[in-house]
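Please open the model in your viewer and keep the selection panel at hand. The tour below proceeds from one selection to the next.

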Amino acid sequence: MIKSVCGYCGVGCGLEYEPNKLIGDIAYPTNEGKVCSKGVSELISIETETRLLRPQIRQNINEPFQTTSWDEAIERVASTIKQTPKDKIGFYLSGQLLTEDYYIANKLAKGFIGTNNIDTNSRTCMASAVVGYKKSLGADFVPVRMEDIFKANLLILTGANTAEAHVVFHNNIKKAKKQGLKVVVIDPRFTDTAKIADIYLPIKAGGDIDFFNLLSKRLIDEEQYNKPFVKKYLNGFELLKNKFKRAAVTKMLKRTGLTQEQFDEFYNLYIESENIITAWTMGLNQSVQGVDKNLALINTHLLTGKIFKEGNGPLSLTGQPNAMGGREVGGLSTMLAVHLGFDRESIDKVSKFWKTDKIDNQVGLTATQMLDANLDVLIICHTDPVYHLPNRHHTQRQIKNIPLVVEINAYQNSETSHYAHIQLPAAPWGEKEGIQTNLDRTITKQEKLTRTSIECRADWMIFQLIAQELGFKEAFDFKNPKAIFEEYQQMTKLNRYMDISQANYDELSQKPFIWGKKIKHFLTPDRKGNLFYVENRLLSEKISLEYPFILLTGRTRDQWHTGTKTNLPSTLLKYKPLNFCEIHPEDAKKLGIDDGESIQVSSKRGTIITVAVVTESIRPKSLFIPISNREVNFLTNDLLDRESLEPDYNHSAVKVERLDNEKE
Ligand SMILES: Nc1nc2c(c(=O)[nH]1)N[C@H]1C(S)=C(S)[C@@H](COP(=O)(O)OP(=O)(O)OC[C@H]3O[C@@H](n4cnc5c(=O)[nH]c(N)nc54)[C@H](O)[C@@H]3O)O[C@H]1N2
Ligand SMILES: Nc1nc2c(c(=O)[nH]1)N[C@H]1C(S)=C(S)[C@@H](COP(=O)(O)OP(=O)(O)OC[C@H]3O[C@@H](n4cnc5c(=O)[nH]c(N)nc54)[C@H](O)[C@@H]3O)O[C@H]1N2
Ligand code: SF4
Ligand SMILES: [Mo]
């Protein structure tokens, strides 16, 4: 029996493997034996016919791919990199890579090629939370753990559909409820998560800043905030208090779409609750004011002092299995490594550690900027930007202009594959080993369970092959993931609060390591938390007579994004169809749309065809399309948060029509 960990979501459930059998690990603290449909079918996805098994090459994207050798493919990549100015090279990575993969790619790009153009799809996902935590707590540090829900009295879930996106955590919430936990769900949709709520608040999309400001203001006005904590540990209180004096409360409430009674009921439960956790994810992060939404939420925990103690805190629910590991390594273009930035001192420390003089002091391009930057080489690994970036017609136009697009994937059928010149076959989950950090800082090891398909390579090895071909043989001479992890552990010592060096690689699959356990204070230079006054600036795309609906997008339980691993004929998991569009009965009636009918949804940017699901679970004038529909981003707008550069996926103006009307 081998112990491993699920490679899908940020919950990071422990698994046990016996030949041809995968079950939940009863001894693993996070899931105690439970797994969801995705975790339990990890093995099936290894064996599918759509695996990418050999390197492929073509001169231009209108030709079919030809099989090539690794030597030839790597030589072509390395020789092109050598001839390309470093600012014209980009690495587009993923929150699904293992820590060792990030480390090698980051070391190669920032340390040896000398470009900071290395970013991940976490930009579309967690970037707003990263910036929010940094600004308010002083570091990208999640100050509360999932198990804390058993110590909390109240869990507020906002912009998070745990029933579908963090399934086993959701089971734990249900268990905690039996022990007395109260749950508030804030979401414009009455989701499966909302079904377990004690109070469900059907917020209007985009109303979260107003909601949390109303809460903060009332806590201050009614002196329900924690005065000694505020005085001793916080900056910015007087400013916040003064700003709130002039706040237009009625307007704010109106923008939340909630009634005074709904807000009061919530407020009364809030002030009665001793221990509170507020958890959130894409409903807040994916917004043109994603960072401000995070700050407004975190303010409430700062004001009440409900942070750095058991059962309390702002809990950002990271989506991907190792987006946290990527953040720790520093695999984003806006940080250098191990949570260090691009200041002189950090660059000196990292240069000395890597024995290099190539590190640039400018932040690099973010994932959301790379395609607009006239790059000459783009290496894409473990993610599908053509599918996932907003405004897909624009994405497709831009990627076509890049002379060399290299795609590293374990499967053939991504949307990006149509635009790649070289495809390199990666070894997927089960065929490789390495480390990942889940959403609450638990570091564990994925184990190799089966032989690696003959021509596939682990992602770290592919980056190492490129590095070696570029001539960096000494710095990239790792024999296995353990050697990489141990070098990375040494590097974490450059950061005063990272204690990852205490983990032991060989023991990790038996016993996970939780880093930062002792951190119970703010990580700012003055050790004080920062309150920020933020307001809803209504920057999202506005609805209009022509485009009168707000489009929301999100997950369904059994599908993983593009579904390369979950949308398989052999997995009978599809409890929801891949392509549907939720619409409120009032709207459906006005438009003459029946349940199950084909409809056309359009924005200024594009049109897709989908199937109407008429349901009261969505607010009037909103639509919901799951991202298992690979075409969803033909519709979405490409506005970005100005600080995190995260897209505003959840708030695009669209119209909806019956399909046959169009044809008439
Ligand atoms: N089954 C499955 N699980 C997954 C994934 C998957 O592909 N499939 N992906 C993983 C990844 S990468 C991520 S990032 C996470 C995402 O996890 P979640 O964010 O929980 O998943 P979403 O379905 O995007 O849910 C976002 C919720 O926010 C709501 N929402 C939209 N706009 C607003 C708003 O303005 N305010 C509020 N309060 N709510 C709003 C939506 O209605 C939706 O219910 O899931 C992870 N888990
Ligand atoms: N409209 C809209 N768009 C969104 C979102 C949304 O909510 N709404 N969410 C955004 C968010 S939060 C995220 S995280 C992104 C996710 O978007 P993507 O990251 O593009 O989606 P995935 O399908 O997870 O892509 C992972 C890719 O890695 C490949 N792969 C699997 N295993 C391996 C391996 O071991 N090695 C390598 N090299 N490749 C492998 C898979 O085949 C797949 O092509 O989408 C973003 N886009
Ligand atoms: S909840 Fe997440 S980590 Fe756990 S089995 Fe499901 S997908 Fe895997
Ligand atoms: Mo994500």
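**First selection: helix H8**

Select residues 208-221, which form helix H8. This is a predicted model. Helix H8 has 14 residues, so at 1.5 Å a residue, counted over one less than the number of residues, it should span 20 Å. The C-alpha atoms at its two ends are 20 Å apart, in agreement with that expectation. Colour the helix by accessibility next: 13 of the 14 residues of H8 are buried, and the helix is thus mostly covered. Then move to Glu223, which follows H8 and has a positive phi, near 50°.

**Second selection: ligand 1**

Select ligand 1 together with its surroundings, which comprise 35 residues. The closest are Ala165, Asp187, Gly206, Arg555 and Gln559. Which polar side-chain atom lies 2.6 Å from an oxygen atom of ligand 1? It belongs to Asp187. Two backbone contacts may be displayed next. At Glu164, a backbone N or O atom lies 3.0 Å from a nitrogen atom of the ligand. At His561, a polar backbone atom is 3.0 Å from an oxygen atom of ligand 1.

**Third selection: ligand 3**

Finally, centre the view on ligand 3, which sits in the second largest cavity. Display the residues around it, among them Cys6, Cys9, Cys13 and Cys36. Tyr8, Lys38 and Val167 also belong to this shell. Its residues divide into eight nonpolar, two polar and one charged. Which helices each supply at least two residues of the shell around ligand 3? They are helix H1 (37-40) and helix H7 (167-178).

Key:
Residues are numbered from 1 along each chain as its sequence is written. Chains are lettered from A and ligands numbered from 1 in the order in which they are written. This is a predicted model: local features need pLDDT of at least 70, side-chain atom pairs count only at pLDDT 80 or more; totals for chains, interfaces and linings use all residues. Side-chain values use heavy atoms; hydrogens and water are left out. A residue is near a molecule or strand if one of its heavy atoms lies within 4 Å of it. On a 1 Å grid over the protein atoms alone, a cavity is a set of points where a 1.4 Å probe fits but cannot get out, and a pocket is an open set with protein on both sides within 12 Å along at least five of seven lines; lining residues have an atom within 4 Å of a point. A molecule sits in a cavity or pocket if more than half of its atoms lie within 2 Å of its grid points. Helices (H or I, at least four residues) and strands (E, at least two) are DSSP runs, numbered from the N terminus. Ala, Val, Leu, Ile, Met, Phe, Trp, Tyr, Cys and Pro count as nonpolar, Asp, Glu, Lys and Arg as charged, and the others, Gly among them, as polar. Buried means under 20% relative accessible area, exposed over 50%, partly exposed in between (1.4 Å probe, protein chains only). A polar contact is a pair of N or O atoms within 3.5 Å; within protein, one must be able to donate a hydrogen and the other to accept it, and residues adjacent in sequence count only if both atoms are side-chain atoms.
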